[in-house]
Amino acid sequence: MAPYFPFVVTSIDVESDPSKDASAIVAQYGPGAKAIMFSGKIQADLKDPDAVVLLDVQQETKEDEDGKNVHMFYGVEVPMEKFKAEIKKTGKSFFAYVHGFQTEPEDSFATCHEIQSYPDFPRTVIPVIWPSVGALKTHEYLTSDKYNKEQAITKAAGEAFSVTAELGSESEVNLALMCHSMGNRCFFSFASQQSLDPIKRFDRIFMVAADVWEEVYNTRVIEKHKWPPQISFNEWGDTGLKVVRMLKENGKVHCIHNPKDLALAGSIVENWRKRIGVFGIKAQNDRDRVHEECKEFIQDFDMSSTEESKKQADEAMANHCYQSAPCVIEYYMEHL
């Protein structure tokens, strides 16, 4: 059966679906609703970071004239107020998944399906999709390599992430957030734009294989120290403090990491910064570097800590794509 999700957020540009009756869509979903379609091949535009909210999104896979599979997604774009009303109407709690580097929508949907279909998973999964693969429209970045292009896109996607965060600000909505790899940069790009007294939005945050600097929760980074020299270039500043302040009552940030992560080994070289998805928070905590306000809100899970989790991490692509491994889903469930 083709993957289906009742709620989806995307900053990929969507196109009108001419095969649907516009008046019938409005009659069913209300004013402002329109049938849409999208794919991962639509180009990213850094000058257009807007996101849309979608209901009843269905994936369809067809062969093109060359015999290759083409994945298309069909759903209904609705105004934000309608989306929130439908979310609340369910009476359920939610789990938003923000994917990482070079992830097509069909891959994101597959991960979400694995999590959603896990026995007794307690929340409704919301895919949050950003244009991780489609080529850039903005010419300034055409000379950069693919990874740097994606880092640029994550910053625009971070602005669009505000749509997801808006859901969590509703008092009736319990929203957990899971970001994988560079998806954490989308989230941090959003968080960096918030005040130091941000709206409480999430009851749990899971940073899985996070492609962000391991020092983002440290005092010397949050307070923007200039010494030692290796921390003088500091793109995140007080973002780590803003993240923990966005947690609702009894909320935690969970750093799920793997010391053998091969993908993040490349990121360390590219960014000249160790990644929290490799080292977690423990090493910084042991050196008494973590900001006092952050300490009680951050929890580590090392994928090498048990034989079973180590085995599942080793089986994941590049020891990195373990966000829907059974032991990790069970970790989410334990802490939701």
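Among contacts in the protein chain between residues at least 6 apart in sequence, what percentage join residues at least 24 apart? In this model it's 77%. Keep that number in mind while I walk you through the fold.

A quick word on what we're looking at. This is a predicted model, and the mean pLDDT of the protein chain is 89. Of its residues, 88% reach 70 or more. One stretch to treat with care is residues 135-144, where pLDDT stays under 50; the model has 22 contacts beyond four places in sequence for that stretch.

Okay, the overall layout. The protein chain has 336 residues, and 55% of them count as buried. You'll find 14 helices and 11 strands in it. There's an open sheet of 11 strands, and if you read across it the order goes β2-β3-β5-β4-β1-β7-β6-β8-β9-β10-β11, with mixed pairing. At the edges sit β2, residues 15-16, and β11, residues 298-302, each pairing on one side only.

Let's zoom in on β8, residues 175-180. Are its residues buried or exposed? Six of the six are buried, so to speak a mostly covered strand. Now, in a regular strand the side chains alternate between the two faces of the sheet. Here, L175, L177 and C179 point one way from β8, while A176, M178 and H180 point the other way, and all of them are buried.

Who are the neighbours of β8? On one hand there's β6, residues 94-98, which pairs with β8 in the parallel sense over five bridges. In that pairing, F95 stands opposite A176. Then there's β9, residues 202-208, also parallel to β8 over five bridges. Look for H180 there: its bridge partner in β9 is V208.

Between β8 and β9 in this story comes helix α6, residues 183-192, and the three make a right-handed β-α-β unit.

Now over to another part of the sheet. Strand β3, residues 34-38, pairs with β5, residues 69-78, in the antiparallel sense over five bridges. One pair to look for is K34 opposite E77 in β5. And to finish with the helix I just mentioned: α6 packs on the sheet, touching β6, β8 and β9, and its direction makes about 125° with that of β8.

Let's stay with E77 for a moment, in strand β5. Why does E77 count as buried? Because its relative accessible area is 16%, and the cut-off for buried is under 20%. Leaving out residues up to four places away in sequence, E77 touches V14, G32, A33, K34, I36, V52, V53 and L54.

Last stop, helix α2, residues 80-90. Which of its residues are buried? They are M80, F83, K84, E86 and I87. Seen down the axis of α2, those buried residues fall within an arc of 160°, so they line one face of the helix. Turn to the face pointing away from that buried side, and you meet the exposed residues E81 and K89.

And what do the buried residues of α2 pack against? The list is β1 (4-10), β4 (52-63), β5, β6, β7 (124-129) and α5 (162-168). After α2 comes G91, with a positive phi near 70°.

So that's the tour. If you take one number home, take the opening one: among contacts between residues at least 6 apart in sequence, 77% join residues at least 24 apart.

Technical notes: Residues are numbered from 1 along each chain as its sequence is written. This is a predicted model: local features need pLDDT of at least 70, side-chain atom pairs count only at pLDDT 80 or more; totals for chains, interfaces and linings use all residues. Side-chain values use heavy atoms; hydrogens and water are left out. Buried means under 20% relative accessible area, exposed over 50%, partly exposed in between (1.4 Å probe, protein chains only). Helices (H or I, at least four residues) and strands (E, at least two) are DSSP runs, numbered from the N terminus. Two strands pair if DSSP finds at least two bridges between them. A crossover is right-handed if, with the strands pointing away from the viewer, the path from the first strand over the helix to the second runs clockwise. Contact means heavy atoms within 4.5 Å. Axes are lines fitted to C-alpha atoms, for helices over the stretch in contact, and angles run from 0 to 180 degrees between N-to-C directions. The arc is that of the directions from the helix axis to the C-beta atoms. pLDDT is the predictor's confidence in each residue, from 0 to 100.
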